[in-house]
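Welcome, and please have a viewer open while you read. The notes below walk through helix packing, internal spaces and a charged pair.

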Amino acid sequence: MKRGAIGLAGVVFMVVAFSAPITAMTGNLPVAVGFGNGLGAPGGFVIATIVLTIFSIGFVALARHITAAGAFYTFVSRAWSRIPGLAAGVLPAFTYMTMEAGLIGIFAAFADQAFTAQFGMDLPWEVYAVFGLVAIAALSHFDISVAAKVLGVVLVSEIAMLSITAIAGLIHHPDGMSFTSLSPLTALSTNGVAGGVVGLGLLMAFWSWVGFESTAIYGEESKNPKRIVPLATMIAVIGIGVFYTFISWGVVVGNGPARAVELASGPTPFDLLYAPTAQYVGQWGVTVFEWLVVGGSFACALAIHNSAARYLFAFGRDGLLWRRLGEAHPKHASPWVASLAQSVFAALLVTVCSVTGSDPYADLFVLVAILATLLLLIVQTMCSISTVVYFHIKKQHPETASWWRTLLAPIVGGAGMLYVIYLMASNMQAAAGAASDTLFFKAIPYLVVLLTLGSIALALYWRKARPDRYARIGSTIFDDHDPVREPAV
């Protein structure tokens, strides 16, 4: 892949676009406010920011010494062991591969809503899905800088519109300027929400960060990965946290706490953002919002596609899957074979959704997001363990090791990830809503166990029966000149 294709801004744009701020605020915030911790939702984002920042301290310590397109896959393989390392590759690869289809689902739903409202067009959602799949495949064929520029434009527009709404809400504040919502303690109660579940509110906050760890995926294509990946990670985690907290606070204050809960739990939960926008900014703001959620979901799908393609590329380059997956385009240096394979996989999932008559948003997007969040939390926990093993058991790079950065922070961060996994397991049915009756939902726990234990069992089998293949797990890393294959530590 092309060296120096993107700088710090490009990596940050890719990662923040992956988190999809406008989609997170429009889709996740109403659930937290209406059914979780009510006016304490902004405090939930404060808690998530603290926990994920602590986790990231250990994560970036590894990133300073291990650079590879495989990210978690290579980190865990080299820092801990190839056995959990294979699982650390399979889980995020499967996550990103299925998440693209989920985001195409919500993109199609948002596009259908926008075109119907603005132009009176009533087209099948599959038309918008096909457009999204083809556009993403085309953009991902070129080097990563093309996608980064597209994402940058969309992201700046998202941030601007969300900020306008939040600032307008804080200026008008119908029930007064309250800072109570910002307290983490407020986030730990339902604040009078009928049937509210604190864990669901916190889950929505953590869910909104999915993808921040993908900074490491772009290390090989960045101009100075040893500096850019750690810096981009911390900017993304803290920046996203501050932004989410500010926007959610502005929305709650702008509606008034009671009205915010009423709108979020009502038949049109998107009005949690649309109502103050229409009242304080104007109807034009709602129109812009409707188009930006389309662009934001597309940008998120594009970022996810690139992440999935790079995991497939890493597997192919290490010879664990079809070797052509590890082939870079001769002109653009993009992982074009892996990208094409990912497009075909996403198209198949969307086709299954269409044939079975499933809803692209309520079924495809919501259930894929639940599965993806669970899998990534497991891998993040494994990464925390790897940091401790690498620096304090294997005694690698003592100049970086410290009791707080590579020991305490990973332990606290890993514990935080385990707690969020508990929140997921406890509130999964509430998060799924009507989709909890589907076969896909019921299969999620089995998929998680199968992918995790199956990957570990396969690595153990390869260690005994195919030692040559076992030795290639996570073996390719980046140096200052080229990717090189080295024995895992």
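What follows is a short tour of helix contacts, cavities, pockets and a salt bridge. Please keep in mind that this is a predicted model.

## Two helix pairs

Two packed helices are described by the angle between their axes and the distance between the axes. A good place to start is helix H4 (residues 41-63) with helix H10 (residues 225-255), whose axes come within 9 Å and cross at roughly 180 degrees. Angles over 145 degrees count as roughly antiparallel, and therefore H4 is roughly antiparallel to H10. On the H4 side, the contact is made by Pro42, Phe45, Val46, Thr49, Leu52, Thr53, Ser56, Ile57, Phe59, Val60 and Ala63. Their partners in H10 include Val229, Pro230, Met234, Val237, Ile238, Gly241, Tyr244 and Trp249. Sorted by class, the residues of this H4 contact with H10 are 16 nonpolar, 7 polar and no charged.

The second pair joins helix H7 (residues 125-141) and helix H14 (residues 336-355). Here the axes come within 9 Å and cross at roughly 170 degrees, which means that H7 is roughly antiparallel to H14. From H7, the residues in contact are Trp125, Glu126, Ala129, Leu133, Ala137, Ser140 and His141. They meet Trp336, Ser339, Ser343, Ala346, Ala347, Val350, Cys353 and Ser354 in H14. The residues of the contact of H7 with H14 comprise 9 nonpolar, 5 polar and 1 charged.

## Enclosed and open spaces

How many cavities of 30 Å³ or more does the structure hold? There are 3 of them. The table sets the two largest cavities beside the two largest pockets.

| Space | Volume | Lining by class |
|---|---|---|
| Largest cavity | about 240 Å³ | 14 nonpolar, 7 polar, no charged residues |
| Second largest cavity | about 110 Å³ | 8 nonpolar, 3 polar, 1 charged residues |
| Largest pocket | about 630 Å³ | 20 nonpolar, 7 polar, 2 charged residues |
| Second largest pocket | about 300 Å³ | 10 nonpolar, 4 polar, 1 charged residues |

Take the largest cavity, with its volume of about 240 Å³. It is lined by 21 residues, and those closest to its centre are Ser19, Asn28, Leu103, Trp207 and Phe365. At least two lining residues come from each of helix H1 (8-19), helix H2 (21-27), helix H6 (82-119) and helix H15 (360-393). Which of the helices gives the most to this lining of the largest cavity? H15 does, with 6 residues.

The second largest cavity has a volume of about 110 Å³. Leu52, Phe206, Trp207, Trp209, Val210, Gly211, Phe212, Glu213, Thr373, Leu376, Leu377 and Gln380 form its lining. Two or more of these residues come from helix H9 (198-207), and likewise from H15. The largest share, 4 residues, belongs to H15. Leu52 is worth a second look, as this residue lines the second largest cavity and is also part of the H4 contact with H10. Trp207 appears twice too: this residue is among those closest to the centre of the largest cavity, and it lines the second largest cavity.

Moving on to the open spaces, the largest pocket holds about 630 Å³. Among its 29 lining residues, Gly27, Val31, Pro269, Tyr361 and Ala431 are the closest to its centre. The elements that supply two or more residues are H2, helix H3 (29-36), H9, helix H12 (271-281), H15 and helix H16 (404-432). H15 gives the most to this pocket lining, with 4 residues.

About 300 Å³ of space lies in the second largest pocket. Its lining counts 15 residues, and Leu349, Val352, Cys353, Leu364 and Phe440 lie nearest its centre. H6, H14, H15 and helix H17 (439-465) each give two or more residues to the lining, and H15 gives the most, with 5 residues. Cys353 links two parts of this tour: this residue lies among those nearest the centre of the second largest pocket and belongs to the H14 side of the contact with H7.

## A charged pair

The count of salt bridges comes to 2. One of the pairs to display is Arg259 with Glu262, whose side chains meet in a salt bridge at 3.3 Å, N to O. Where do Arg259 and Glu262 lie? Both are in helix H11 (residues 257-264), 3 residues apart, which is about one turn of the helix.

How values were computed:
Residues numbered from 1 in each chain as written. Predicted model: local features only at pLDDT ≥ 70, side-chain atom pairs only at ≥ 80, totals over all residues. Heavy atoms only, no water. Axes fitted to C-alpha atoms, helices over the stretch in contact; angles between N-to-C directions. Parallel < 35°, antiparallel > 145°, perpendicular 65-115°, else oblique. Contact = heavy atoms within 4.5 Å. Nonpolar A, V, L, I, M, F, W, Y, C, P; charged D, E, K, R; others polar. 1 Å grid on protein atoms, 1.4 Å probe; cavity = no way out; pocket = protein on both sides within 12 Å on 5 of 7 lines; lining within 4 Å. Points joined across faces, edges and corners; volume = space filled by probe spheres on them. Salt bridge = Lys/Arg side-chain N within 4 Å of Asp/Glu carboxyl O.
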